[in-house]
Amino acid sequence: MFKFLQSVVAGSGSGLKDLPYNIGEPYSSAWGSWIHSRGTSRDDGSPVSIFSLSGSSTNDRHIAAGRNGVKRLRTVRHPNILSFLHSTEVETTDGPSTKITIYIVTEPVMPLSEKIKELKLEGTQRNEYYAWGLHRIAKAVSFLNNDCKLVHANVCLESVVVTQSLDWKLHAFDVLSEFDGNQAASTGPMLQYEWLVGTQYKPMELVKSDWTTIRKSPPWAIDSWGLGCLIHELFYGTKLGKTEELRDTSSIPKSLLPDYQRLLSSTPSRRLNSSKLLETCEYFQNKLVDTIHFMEILNLKDSVEKDTFFRKLPTLAEQLPRQIVLKKLLPLLASALEFGSAAAPALTALLKMGAWLSAEEFIIKVLPTLVKLFGSNDRAIRVSLLQHIDQFGDSLSSQIVDEQIYPHVATGFSDSSAFLRELTLKSMLVLAPKLSQRTLSGSLLKFLSKLQVDEEPAIRTNTTILLGNIASHLNDGTRKRVLINAFTVRALRDTFSPARGAGIMALCATSSYYDSTEIAARILPNVIVLTIDPDSDVRSKAFQAVDQFLKILKQFHEKTDGGESAGDSIMGMSSIPGNASLLGWAMSSLTLKGKPSEQTPHAPVNSSAPITTVASTASSVMDTASTATIDLSSEAYMVDQPAPVSPTSTDGWGEIENGIHDDNGSEKDGWDDIEPLEDPKPSAVLATIQAAQKRPVSQPKQVLNSKPKITANVPKHEDDDLWGSIAAPAPKSVKPSTAKSSVAPDDDDPWAAIAAPPPTTRAKPLAAGRGRGSKPVVSKLGAQRINRTSSSGI
């Protein structure tokens with residue numbers, strides 16, 4: 001027969017153009033004279049089922065019944081009735097004879113008998129699956145009898161098929177007919193094609209063709225008998241041979257036995273309605289039926305019921321038949337999450353069920369849903385995804401991560417919730433290896449730069465740890481530009497001691513990426529400071545790091561002395577791609593020296609203010625330290641400061657490097673503020689006065705120590721009367737400098753007390769009784785003239 005079907009499909013009949021499907025191998029069983037075959041669509045290769053029925057002519061009774069089945073299947077739609085896709089009728093000529101073949105294309109299904117053998121369920125799991133399947137068929141029969149007033153007339157094991165999601169569905173509608181209860185007096189047959197039904201499946205009134213009794217009976221009487229036959233075949237595992245076998249109830253579950261007996265009542269009017277069977281049957285009350293039923297009406301449940309259900313679902317799923325969970329519950333759960341009807345706890349159950357799938361099935365059935373969920377606006381869903389990302393991260397392809405997932409995950413870096421920011425940060429440990437270099441350098445490092453100055457110390461610490469872990473995925477140029485700056489300028493100077501410890505560990509873990517020059521000039525000077533850190537753990541790590549980096553330098557020294565010249569070593573290091581950038585930074589920092597107007601001014605230091613800057617510079621930290629106190633262990637030394645934005649870097653650390661090289665480019669930058677304290681130089685006015693003091697009238701020491709105001713006992717008007725006439729003509733010769741010295745010279749001129757003050761008295765810090773022990777007229781006059789002449793010449 002299979003060869004015949006292949007020859008039919010390969011023929012030149014006009015009807016084949018209407019069948020865009022390929023017919024595959026047939027199943028071993030099917031209802032009636034139909035052949036149930038596997039098939040695929042020619043358009044997309046999707047699987048289908050193809051039912052075929054052949055007859056010798058158009059007047060063949062089987063062909064007529066088959067046409068009735070096609071019409072009924074096309075028009076009757078229900079979730080528990082086989083879904084119709086396509087049908088066609090093909091006429092072929094084989095020699096002198098003509099054959100008619102009807103094709104029905106449906107969703108992919110397989111016979112129930114074969115699926116039961118394939119599942120091999122036993123015990124409680126078998127009973128739960130049977131209960132769920134019978135529940136589905138009873139709903140389909142109830143729909144036909146009570147809602148549509150139709151009679152199927154041949155409910156049995158062969159009329160039930162199973163979908164890929166293990167749903168049971170009713171088909172075989174060749175005998176299906178309307179219930180003609182209004183014409184009770186009619187003696188004609190109500191079921192035109194009842195001859196297709198086997199005698200063992202017919203109730204006594206149908207065997208006798210007592211149409212009067214059938215019309216007086218309820219619409220469900222015949223199909224309730226068929227449900228009893230289905231139950232018997234299901235639990236005995238064999239096809240019903242004769243009606244008397246229905247009396248054997250040894251294999252029927254006790255919870256189902258009373259309803260089974262009522263379905264097979266000898267009186268048609270007393271048979272149990274399938275709708276009542278659904279409501280009262282104790283056998284249908286089990287975890288599997290309840291769970292699937294809850295999932296199917298999920299939209300009708302409130303948030304409390306959903307939350308309670310999904311929190312219990314992971315534990316419940318372990319107790320249900322594994323195949324049903326994976327093929328039925330899992331798709332329902334994925335669909336509910338995808339369309340927003342499921343709560344965030346459902347994601348835990350989805351991932352637990354997904355863990356039971358193979359890697360290939362997980363990618364097909366679960367991963368698309370997870371990718372879509374990353375675009376959800378529900379914060380609880382996003383948190384749950386990030387918390388479990390280690391369970392499915394390995395299954396994500398680089399393209400999906402870079403193009404579909406990362407853009408949504410990256411919004412968590414700027415979220416107002418610190419918890420979500422930290423989860424987003426930790427998720428990068430899984431996602432970063434799958435990101436492109438463009439995304440790593442152009443986006444991720446920018447966010448990490450901001451997180452290194454986050455207000456939460458734990459986030460700052462984890463950012464440093466993450467940088468150390470993903471360093472191997474950065475290119476050489478990015479590592480040269482970012483790592484040292486991030487670990488030394490930021491991490492090692494953090495006020496949070498675990499953050500400083502993380503910076504030290506990150507430097508040690510990435511030591512293979514630094515050359516000897518970077519270790520000696522940039523790393524060791526920053527690490528060795530932490531050997532006197534207030535935190536003992538930081539000190540211990542600092543000593544270990546110093547030992548490790550010194551060992552590296554010693555190895556470089558031994559290697560250089562062993563056979564390579566210093567010049568060769570320097571040339572070898574200069575070939576590193578990052579060194580070109582280092583040279584560029586050093587030159588740019590040198591060009592900015594001496595031009596403070598071209599640099600962005602630093603914000604004032606305030607260690608108590610929250611850290612809000614994106615980047616910090618070494619120069620700002622050194623300026624703070626030298627201005628306040630030279631204390632390497634103080635908190636002010638470790639506070640990040642704002643810095644000028646780098647014109648060439650876009651990842652958040654370029655501006656730090658410029659600051660570092662500004663400090664390291666010249667020793668003068670780091671010590672400008674300290675040098676004046678070692679060797680103070682006298683002011684120009686004081687030097688002039690000291691040179692003019694040839695007569696011991698007043699000692700320079702007294703001038704230096706005469707800053708406090710002294711209330712003189714001698715009235716000021718005495719000096720005014722003596723020297724007022726002398727002081728008057730002076731402005732003509734000192735006119736160019738009077739404007740500048742109108743206020744300030746009194747502070748710098750030790751002799752200003754002798755000059756006549758203006759009518760309004762002013763505070764003169766150096767004016768009180770200076771040098772009034774003796775008043776030789778000539779000496780004072782000479783000194784006054786010299787001072788006025790010298791001050792006017794300055």
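Which residues touch the most other members of the largest nonpolar core? Keep that in mind while you load the model; we'll get there after a look around.

**Before you start**

You have a predicted model open, where local features need pLDDT of at least 70, side-chain atom pairs count only at pLDDT 80 or more, and totals for chains, interfaces and linings use all residues. Residues are numbered from 1 along each chain as its sequence is written, and side-chain values use heavy atoms, with hydrogens and water left out.

Colour by secondary structure and you'll find 37 helices and ten strands; both are DSSP runs numbered from the N terminus, helices being H or I of at least four residues and strands E of at least two. Of the 794 residues, 48% are buried (buried is under 20% relative accessible area, exposed over 50%, partly exposed in between, with a 1.4 Å probe and protein chains only). Among contacts with a separation of 6 or more, 68% are between residues 24 or more positions apart; a contact means heavy atoms within 4.5 Å.

**Stop 1: the five-stranded sheet**

Select residues 21–26 for S1, 35–41 for S2, 47–55 for S3, 84–94 for S4 and 97–106 for S5. They make an open sheet in the order S1-S2-S3-S5-S4, with antiparallel pairing (two strands pair if DSSP finds at least two bridges between them). S1 and S4 are the edge strands, each with a single partner, so one side of each has no neighbour in the sheet. From one strand to the next, the twist averages 30 degrees.

Now zoom in on the pairs:

- S1 and S2 share four bridges, and Ile23 stands opposite Gly39.
- S2 and S3 are joined by six bridges, with Ile35 partnered by Ser52.
- S4 and S5 are joined by ten bridges, with Glu89 partnered by Ile102.

In the hairpin of S2 and S3, five residues sit between the strands, and Gly45 there has a positive phi near 75 degrees. Show the surroundings of S2 as well: five of its seven residues are buried, so the strand is largely enclosed by the rest of the structure.

Next add H2, residues 61–75, which packs on this sheet and touches S3, S4 and S5. Its direction makes about 20 degrees with that of S5; such angles run from 0 to 180 degrees between N-to-C directions, using axes fitted as lines to C-alpha atoms, for helices over the stretch in contact.

**Stop 2: the three-stranded sheet and H4**

Select S6 (109–111) and S9 (168–170), plus S8 (160–163). The order in this open sheet is S6-S8-S9, paired antiparallel. S6 and S9 each have a single partner strand, so each has one side without a neighbour in the sheet. S6 and S8 pair over three bridges, and Val109 is opposite Thr163.

Helix H4, residues 123–147, lies across S8 and S9 at about 25 degrees to S9. Bring in H10 (287–296): the axes of H4 and H10 are 8 Å apart and cross at about 45 degrees. The two helices are therefore oblique to each other (under 35 degrees counts as roughly parallel, over 145 as roughly antiparallel, 65 to 115 as roughly perpendicular, and the rest as oblique). At the contact, H4 residues including Tyr129 and Trp132 meet H10 residues including Leu288 and Ile292.

**Stop 3: the cores**

Back to the opening question: Tyr129, Leu134, Trp168, Leu370, Leu444 and Leu448 touch the most other members of this 165-residue core. A nonpolar core is a set of buried Ala, Val, Leu, Ile, Met, Phe, Trp, Tyr and Cys residues joined through side-chain atoms within 4.5 Å. H4 gives the most to it, with eleven residues. Centre on Trp168, whose contacts include Asn80, Tyr129, Leu134, Val161 and Leu234. Another core of eight residues lies apart from the largest one, with Leu19, Val48, Val90 and Tyr103 among its members.

**Stop 4: further along the chain**

Select 366–404 and 523–561, where UniProt (unreviewed entry) places the feature "repeat: HEAT"; UniProt positions follow the numbering used here, feature names are shortened, and annotations may be inferred rather than shown by experiment. Residues 366–404 are 69% helix and 0% strand, with end C-alpha atoms 16 Å apart. Residues 523–561 are 82% helix and 0% strand, with end C-alpha atoms 23 Å apart.

Finish at Ser512, in the loop between H23 (497–509) and H24 (516–528). Is Ser512 buried or exposed? Its relative accessibility is 62%, so Ser512 counts as exposed. The C-alpha atoms of Ser512 and Ile552 are separated by 9.4 Å, with their positions 40 residues apart along the chain.

Note on methods. Lists of a residue's contacts leave out its neighbours within four places in sequence.
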